[in-house]
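The exercises below ask the reader to work through one protein chain, step by step, with the sequence and the structure side by side. Each task is followed by its worked solution.

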Amino acid sequence: MRDKSTEEYFSSKPLYVEDSYLKEFDAQVIKAGPKFVVLDGTAFYPESGGQPSDTGVIQCGDQVVEVHKVMKRGRNIFHYLRGDIPVGASVRGVIDWEPRLYNMRRHSAEHLLTGLFEREGAGPKVYSDLTRLDFKPSDLTEETVRSVEAEFNGIVESDIPIRIYYASRDELEGEEDERKRAFLEKIPRALDRLRMVEIPGHALTFCFGTHVRSTLEIGLLSELELTEGKKGRRSVSFLLK
Ligand SMILES: [Zn+2]
């Protein structure tokens with residue numbers, strides 16, 4: 001039996017999965033409606049897992065139409081537009097690169113921080129996005145936060161390549177970690193081949209997001225703040241330089 005991967009699951013080829021640095025691409029409109037299109041392939045990252053959607057433009061002949069939001073709905077990736085483009089049109093998509101790169105840096109930082117805090121026994125993590133990580137009640141202290149900060153910055157300076165590879169669902173279902181099993185439950189059953197993202201020696205998770213190529217590109221932390229919430233919950237907010 002052939003493995004199904006993200007590319008086969010979506011009606012549009014998610015070009016951002018194979019190349020997170022693709023800024024412009026050519027495509028055909030396969031579905032269209034009032035102020036939206038679905039393309040046969042797209043480099044626009046749809047809003048997912050705490051990473052916001054890309055913005056940019058779609059060029060169709062002389063027409064340049066703004067893309068203000070991109071969302072997955074079932075098997076389709078919808079581009080929401082400030083204008084209309086007909087089905088069958090040949091178009092060129094252009095991503096607003098500066099915000100996308102900033103999101104990739106912060107999302108890769110989120111992976112690294114998660115790995116480091118988990119190693120320090122801070123977990124389990126219950127939520128994270130591009131600015132913060134939330135943990136269940138634990139004895140996470142200011143001292144641990146400072147030591148993670150120093151370790152994080154050291155790993156950034158070491159310029160470690162971020163590895164992306166595929167693993168089968170079967171290999172991952174034996175996973176002990178409750179949070180990872182819960183995450184796996186949310187992935188459509190139709191997908192057998194899962195994309196793993198590894199910062200070797202520090203963080204490993206499955207993720208279909210966009211990431212920078214190496215830890216050096218993440219950049220140093222300018223802020224890592226611990227806050228104590230209700231019932232002993234701990235939250236750590238972060239900001240990159
Ligand atoms: Zn990721």
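Two strands are said to pair if DSSP finds at least two bridges between them. The model examined here is predicted.

**Exercise 1. Describe how β8 is paired with its partner strands, and find the residue that is the bridge partner of Val57.**

Step 1. Begin with strand β5, residues 56–60, which pairs with β8 in the antiparallel sense over four bridges. Within this pairing, Val57 has Val94 of β8 as its bridge partner.

Step 2. Turn next to strand β2, residues 24–33, which is joined to β8, residues 90–95, by five bridges, the two strands running antiparallel. Here Asp26 stands opposite Arg92 in β8.

Step 3. As background, strands of a sheet pair through backbone hydrogen bonds, either parallel or antiparallel.

**Exercise 2. Work out the strand order of the open sheet that contains four strands, and state which helices lie against its strands.**

Step 1. The order is β9-β10-β15-β14, and the pairing is antiparallel. The edges are taken by β9 (125–128) and β14 (221–228), each of which pairs on one side only, and the twist from one strand to the next averages 15°.

Step 2. Inside the sheet, four bridges link β10, residues 132–135, with β15, residues 234–240, and these strands run antiparallel. One of the residues to locate is Asp134, whose bridge partner in β15 is Ser235.

Step 3. Helix α3, residues 97–119, packs on the sheet and touches β9, β10, β14 and β15, while its direction makes about 140° with that of β15. Helix α4, residues 142–157, lies across β14 and β15 and runs at about 160° to β14.

**Exercise 3. Is β12 largely enclosed or not enclosed by the rest of the structure, and which strands does β12 pair with?**

Step 1. A residue is counted as buried when its relative accessible area is under 20%. Six of the seven residues of β12, residues 193–199, are buried, and the strand is therefore largely enclosed by the rest of the structure.

Step 2. Strand β11, residues 163–168, pairs with β12 in the antiparallel sense over six bridges, and Ser168 has Arg193 of β12 as its bridge partner.

Step 3. Four bridges connect β12 with β13, residues 203–206, again in antiparallel fashion, with Met196 opposite Phe206 in β13. These two strands form a hairpin with three residues between them, and in the turn Gly201 has a positive phi of about 90°.

**Exercise 4. Which residues touch the most other members of the largest nonpolar core, and how does the overall size of the chain agree with that of a compact globule?**

Step 1. In the largest nonpolar core, which has 62 residues, Ile85, Phe117 and Phe152 touch the most other members. The largest share of this core, seven residues, comes from α3. In soluble globular proteins, nonpolar side chains tend to be buried together.

Step 2. For the chain as a whole, buried residues make up 49% of the 241 residues. Among contacts with a separation of 6 or more, 65% are between residues 24 or more positions apart.

Step 3. A compact globule of 241 residues would have a radius of gyration near 18 Å, and the chain has 19 Å, which agrees. The C-alpha trace spans about 60 × 45 × 35 Å along its principal axes.

Notes:
Residues numbered from 1 in each chain as written. Predicted model: local features only at pLDDT ≥ 70, side-chain atom pairs only at ≥ 80, totals over all residues. Heavy atoms only, no water. Axes fitted to C-alpha atoms, helices over the stretch in contact; angles between N-to-C directions. Contact = heavy atoms within 4.5 Å. Rg over C-alpha atoms; globule rule 2.2 N^0.38 Å. Buried < 20%, exposed > 50% of the residue type's maximum accessible area, 1.4 Å probe, protein only. Core = buried A, V, L, I, M, F, W, Y, C linked by side-chain atoms within 4.5 Å.
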